Amino acid sequence: METTLSILEKQIVHRLKGIHYYESIAIDENLAQILDSYDIPEEARLACLTIDTAMRHLDEVSTTLSSKKSILIGDLLSAHFYTLLAKLNAPTYQKEISAAIVAVNEMKSSIHHDALTKENISQYILKVENLFPRITIQHFAPDANLESLNDKLLANLAKKHPSYLSKFSKDELLTFLGEIKTEIHSKKR
């Protein structure tokens, strides 16, 4: 079986055919592997991974990428997401994931504009990182065990230091991740 990551990479190459010299597009391999571990439709895995990739790419545009092509590529990725969403023909999922996009943007904005207490930042980070896969998995595999989802999603967060958290030092990020892990594991008891 071909992985979601390789399928999306091929789809992106196809979508960007004819566009030369653009910044690389970082796809979250960890998220792709997580999605592949659940019995959900391929289009659902691709839609989740695509919107995550599009939003992270557009986040990077605001902090590090400078070319106008980068913005257009982010928009192309978003358009690809909506194409996948239409193929799924799952109106409830479409409504849930669309609301999640708005929520994630609002949370990132709150983090960026210092509109949160330090205690709330950890909660927002967890929601930003898990909302798309959680909604996708719960919708298409309602009986799936999601206990380890947060640990898996947070595993590489310190290494990749997402741009929506660029204002925080590595040590601050590690502190937030520690708080999140403590909260996650205290709920399991």
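Helices here are DSSP runs of H or I with at least four residues, numbered from the N terminus. By that count, lysine 108 falls in helix H5, which spans residues 91–112. The model is a predicted one, and lysine 108 makes a handy place to start looking around in it. With a relative accessibility of 9%, lysine 108 comes in under the 20% cut-off and therefore counts as buried. Its side chain has a charged residue to talk to: a polar contact of 2.5 Å links the side chains of lysine 108 and aspartate 59. Setting aside residues up to four places away in sequence, lysine 108 touches Asp59 along with Met55, Val128 and Tyr164.

Serine 110 sits in H5 as well. At a relative accessible area of 19%, serine 110 is buried too. Beyond its neighbours within four places in sequence, serine 110 is in contact with Ala115, Leu116 and Tyr124. Leu116 turns up again in the surroundings of isoleucine 121, a residue of helix H6: leaving out neighbours within four places, isoleucine 121 is in contact with Leu116, Phe168 and Phe176. Isoleucine 121 has a relative accessibility of 6% and so counts as buried. Serine 110 and isoleucine 121 are 11 residues apart along the chain, and their C-alpha atoms are separated by 8.9 Å.

The loop between H5 and H6 holds aspartate 114. Aspartate 114 is exposed, at a relative accessible area of 57%. Its backbone is worth a glance: phi is near 55 degrees, a positive value in a residue other than glycine. Histidine 161 does something similar, with a positive phi near 35 degrees, and it lies in the loop between helix H8 (157–160) and helix H9 (170–188). As a rule, most residues other than glycine have a negative phi.

Next comes the interior. In soluble globular proteins, nonpolar side chains tend to be buried together. The largest nonpolar core in this model takes in 60 residues, and Tyr93, Ile125 and Phe132 have the most contacts inside it. Helix H6 (residues 118–140) supplies the largest share of this core, nine residues. Around phenylalanine 132, once neighbours within four places in sequence are left aside, the contacts are Cys48, Ile51, Asp52, Met55, Ile97, Ala100, Ile101 and Val104. Met55 is thus a contact of phenylalanine 132 and also of lysine 108.

Past H6, leucine 146 is placed in the loop between H6 and H7. Leucine 146 is buried, with a relative accessible area of 12%. Its contacts, not counting neighbours within four places, are Tyr38, Arg134, Ile137 and Gln138. The C-alpha atoms of leucine 146 and proline 133, 13 residues apart along the chain, are 10.0 Å from each other.

At the N-terminal end of the chain, the story is about H1, H2 and H3. Two packed helices are described by the angle between their axes and the distance between the axes. For H1 and H3, the axes come within 10 Å and cross at roughly 65 degrees, and the crossing is right-handed. From H1, the residues involved are Thr4, Leu5, Ile7, Leu8 and Gln11, which meet Glu42, Arg45, Leu46, Leu49, Thr50 and Thr53 of H3. Sorted by class, this contact has five nonpolar, four polar and two charged residues.

Some of those residues also meet isoleucine 27, which is found in the loop between H1 and H2. Leaving aside neighbours within four places, isoleucine 27 is in contact with Leu5, Leu8, Glu9, Ile12, Leu49 and Thr53. Isoleucine 27 is itself buried, at a relative accessible area of 15%. Its C-alpha atom and that of valine 61, 34 residues along the chain, are separated by 15 Å.

Right after isoleucine 27 in the numbering, aspartate 28 caps the N-terminal end of H2, with a side-chain oxygen 3.0 Å from the backbone nitrogen of asparagine 30. Asparagine 30 is one of the buried residues of H2 (residues 29–36), together with Leu31, Ala32, Ile34 and Leu35. What covers these buried residues includes helix H1 (4–15), helix H3 (42–63), H6 and helix H7 (149–154).

Conventions: Residues are numbered from 1 along each chain as its sequence is written. This is a predicted model: local features need pLDDT of at least 70, side-chain atom pairs count only at pLDDT 80 or more; totals for chains, interfaces and linings use all residues. Side-chain values use heavy atoms; hydrogens and water are left out. A nonpolar core is a set of buried Ala, Val, Leu, Ile, Met, Phe, Trp, Tyr and Cys residues joined through side-chain atoms within 4.5 Å. Buried means under 20% relative accessible area, exposed over 50%, partly exposed in between (1.4 Å probe, protein chains only). Helices (H or I, at least four residues) and strands (E, at least two) are DSSP runs, numbered from the N terminus. Contact means heavy atoms within 4.5 Å. A polar contact is a pair of N or O atoms within 3.5 Å; within protein, one must be able to donate a hydrogen and the other to accept it, and residues adjacent in sequence count only if both atoms are side-chain atoms. Axes are lines fitted to C-alpha atoms, for helices over the stretch in contact, and angles run from 0 to 180 degrees between N-to-C directions. A crossing is left-handed if the near helix is turned anticlockwise from the far one by less than a right angle, and right-handed if clockwise. Ala, Val, Leu, Ile, Met, Phe, Trp, Tyr, Cys and Pro count as nonpolar, Asp, Glu, Lys and Arg as charged, and the others, Gly among them, as polar.
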